[in-house]
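Here is a short report on one protein model. Look at the structure first, then read on.

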Amino acid sequence: MYLASATRYRDMRYRRCGKSGILLPAVSLGLWHNFGGVDTLENGRAMLRRAFDLGITHFDLANNYGPPYGSAEQNFGLLFRQDLAPHRDELIVSTKAGYDMWPGPYGNWGSRKYLMASLDQSLRRMGLEYVDIFYSHRPDPETPLEETMGALDQAVRSGKALYAGISNYGAEATAKAAAILRRLGTPCLIHQMKYSMFVRWSEDGLLDCLKSEGIGGIAFSPLAQGMLSDRYLNGIQAGSRAAKPWGFLKAADVDEGRVAKARALQELARERGQTLAQMALAWVLRDGVIASVLIGASSVEQVEQNVASLAKLGFSADELARIDTILA
Ligand code: NDP
């Protein structure tokens, strides 16, 4: 039986998500990889328990996380029932719909039909009455934004979700979505975007847009799927994401250019008394508009190491300039 640590709220930092009542842990845990039907359930259980014991109150899912699709939600549901159910009110659980999920014209993109059916399926798989955040996983160029945002509003009004979020929307689409949601009376709580030292497109307008709209940011793949850690500094290790046939990081993505940058960054991290992964997470959190870094992990040790990044968040101007030079 799992007994949550009595000291779980001692060290974690909580940051306000935009102009909302919600505080998110500075480090959140995503279940995209390592929680599917192909993975070891007991490793997932150990990571969820340790994460919660370290003050991680936010777990992020999507309908199609696995593989196979839906299995991460199913496994989360099982582990939630066995371990975390007494703590439901201490948790922020999110899910999403927007990518390929089931065959035919109603299992993808952004229609009301897809979003509402998918949310019902997600709730059944996880055994939850509601999720805290329901996201439109990506913008749909064919469906009117009013319809997609209307579905998020309906999800909240029906009590199946407490807050609405969007993911992978550019700055312009974000401003439009925020205006529609505001008009509907369900403000956009959060934007989930890919953001790391290696992927900085959100600095070209999106982060400013979030600030002016009062939307919180949560950065996914802050370690560039492991490229911003020691994982690939000496080739592709067995058991790493790039070595797995179902991993979204492909061997070809581990290119010498990025590995060389990671090596140079690791030297700076060492001078700061951190690992590269810890410095990479601290760097994403340097702007307060990012409420949380949404990490993935394949072991309890990675969860622990990543949470320990909070021990040193600040950067000197010189360090930031050196990082920009390395990344240029
Ligand atoms: P990361 O960039 O944090 O990559 C996680 C991977 O990095 C781990 O699986 C592990 O790889 C490696 N890693 C983590 N910590 C360490 C460490 N301390 N030392 C060495 N290696 C480490 O994030 P993800 O790409 O996993 O994305 C995180 C979450 O973001 C997802 O679970 C999901 O919730 C969300 N997401 C959302 C998307 C969207 O479209 N909205 C898209 C993608 C992700 P290894 O397995 O090799 O050990």
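How many residues surround the ligand, and which are the closest? The model is a predicted one. In it, 31 residues surround the ligand. The closest are Gly30, Trp32, Phe220, Gly226 and Gly296.

The shell around the ligand can be sorted by class.

| Class | Residues in the shell |
|---|---|
| Nonpolar | 10 residues |
| Polar | 17 residues |
| Charged | 4 residues |

Two elements, β10 (290-295) and α9 (300-307), each supply at least two residues of this shell. α9 gives the most, with 3 residues.

Now turn to the strands. A closed barrel of 8 strands runs β3-β4-β5-β6-β7-β8-β9-β10, and the pairing is parallel. From one strand to the next, the twist averages 30°.

Take one pair from the barrel. Strand β7 (residues 161-167) is joined to β8 by 4 bridges, and the two run parallel. Ile166 has His191 in β8 as its bridge partner. A helix, α5, lies across β7 and β8. α5 runs at about 160° to β8.

Next comes helix α6 (residues 206-213). Which of its residues are buried? They are Leu206, Cys209, Leu210 and Glu213. Seen down the axis of α6, these buried residues fall within an arc of 100°, so they line one face of the helix. What do they pack against? Their partners are α5 (171-184), β8 (188-194) and β9 (216-220). After α6 comes Gly214. The phi of Gly214 is positive, near 75°.

How values were computed:
Residues numbered from 1 in each chain as written. Predicted model: local features only at pLDDT ≥ 70, side-chain atom pairs only at ≥ 80, totals over all residues. Buried ≥ 20, exposed ≤ 12 C-beta atoms within 10 Å, placed from the backbone. Arc of directions from axis to C-beta. Contact = placed C-beta atoms within 7 Å. Pairing = 2+ DSSP bridges. Axes fitted to C-alpha atoms, helices over the stretch in contact; angles between N-to-C directions. Near = placed C-beta within 6 Å. Nonpolar A, V, L, I, M, F, W, Y, C, P; charged D, E, K, R; others polar.
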